[in-house]
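Q: Could you take a close look at one part of this model for me? I would like a connected walk through it, with the reasoning spelled out.

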Amino acid sequence: MSSTELPSELPSELPSVLAATVTPKVGAVRVAEGERLRSVGLPGITLTVRSRPPVRAGLPPALYVHGLGGSSQNWSALMPLLDDLVDSEALDLPGFGDSPPPDDGNYSVTGHARAVIRYLDSSGRGPVHLFGNSLGGAITTRVAAVRPDLVRTLTLVAPALPELRAQRTAWPTVMIALPGVAGLFTKLTKEWSAEQRVRGVLSLCYGDPGMVTPEGFREAVQEMERRLALPYFWDAMARSARGIVNAYTLGGQHGLWRQAERVLAPTLLVYGGRDQLVSYRMAQRAARAFRDSRLLTLPDAGHVPMMEYPETVATAFRELLTDTGELPPPSGPSSPSSFVAGAGS
């Protein structure tokens, strides 16, 4: 199935006027040591791509897709741990990170999936080891289902797949999807400092916010200040949240759980026991839905295990590659596996 055959989901509003405006001058995006940023122009979208040079030529490509309100920086802790395994690139989805809004104002899961597919088709990097967190997990599930030729393996970290009963702590995110709520929230919180906002985000996304270093907190505050200066920040958040809600209501062959069942790529699922946005109880359902799955559960992790426990996630990915034959088995005594292999079989 080609990218043009992706479902259209529920009708969205007319493109925002802000989507057509010129991005204002704001502070520079942080680039970690060893990383590079570049801008890629594609029909209807411009994407910022964060990359790291592989330790040697010829390594298979990997692509990382962040979640709602995140950016490619969310993968900066994990990517260097995989430098000897893959050639890493991470996208800023349209309207997030350093990528401007899409020309058509389409922030649906399908719209984001089309952006990922468009990039992979234009770059010729597929098939890739595809990673997705939260919203990015829903997006990459859809990509893997409709374009199996582009995906070598799939790693889903707290994927935003439909839940019949969402956790109470997830309801504020759902509420942002309602028309007018984002504007009201902006007015109600206009006096909040960037520090207050970051503390709120960390308490929601981390199993233990105390894991964040003072330097990491300062960097997060600087990034929050940069994003709040963007006139389309809340529009992108609200429309993308609405896109998740709309995707949850889709049934039939275009439903996310049905598409999960169609994924052919070997899949690593990562769930945190303290996740306040994606329920830990969905881990077993996901393991059953993806036909060739391995499940890693981290009882103390929150919504972003690749930022909280990057070494553990990297180890599980290495084991995935060993299990699929892409890496030779380690020499010497074997260590206990950090995930449940074949959980979906």
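**Helix α7 and the salt bridges**

A: Happy to, keeping in mind that this is a predicted model. Helix α7 covers residues 233–249, and at 1.5 Å a residue its 17 residues should span 24 Å; the end C-alpha atoms lie 25 Å apart, which agrees. Of those 17 residues, 14 are buried, so α7 is largely enclosed by the rest of the structure.

Now to the charged side chains. The model has 18 salt bridges in total. One of them joins Arg 38 and Glu 89, with N and O at 3.1 Å. Because Arg 38 sits in strand β1 (residues 36–42) and Glu 89 in strand β4 (residues 87–92), this pair ties together parts 51 residues apart in sequence. Glu 89 is buried at 5% relative accessibility, whereas Arg 38, at 37%, is partly exposed.

Strand β4 also takes part in another bridge: Arg 125 pairs with Asp 87, their closest N and O atoms being 3.8 Å apart. Here Asp 87 belongs to β4 and Arg 125 to the loop between α1 (109–123) and β5 (128–133), so distant parts of the chain, 38 residues apart, are linked. With a relative accessible area of 15%, Arg 125 falls under the 20% cut-off and is therefore buried. Together, Arg 38, Asp 87, Glu 89 and Arg 125 are linked in a network of salt bridges.

A further bridge connects Arg 294 with Asp 292, at 2.7 Å from N to O. Arg 294 is buried at 5% relative accessibility, while Asp 292 is partly exposed at 26%.

How values were computed. Residues are numbered from 1 along each chain as its sequence is written. This is a predicted model: local features need pLDDT of at least 70, side-chain atom pairs count only at pLDDT 80 or more; totals for chains, interfaces and linings use all residues. Side-chain values use heavy atoms; hydrogens and water are left out. Helices (H or I, at least four residues) and strands (E, at least two) are DSSP runs, numbered from the N terminus. The expected span of a helix is 1.5 Å times one less than its number of residues. Buried means under 20% relative accessible area, exposed over 50%, partly exposed in between (1.4 Å probe, protein chains only). A salt bridge is a side-chain nitrogen of Lys or Arg within 4 Å of a carboxyl oxygen of Asp or Glu.
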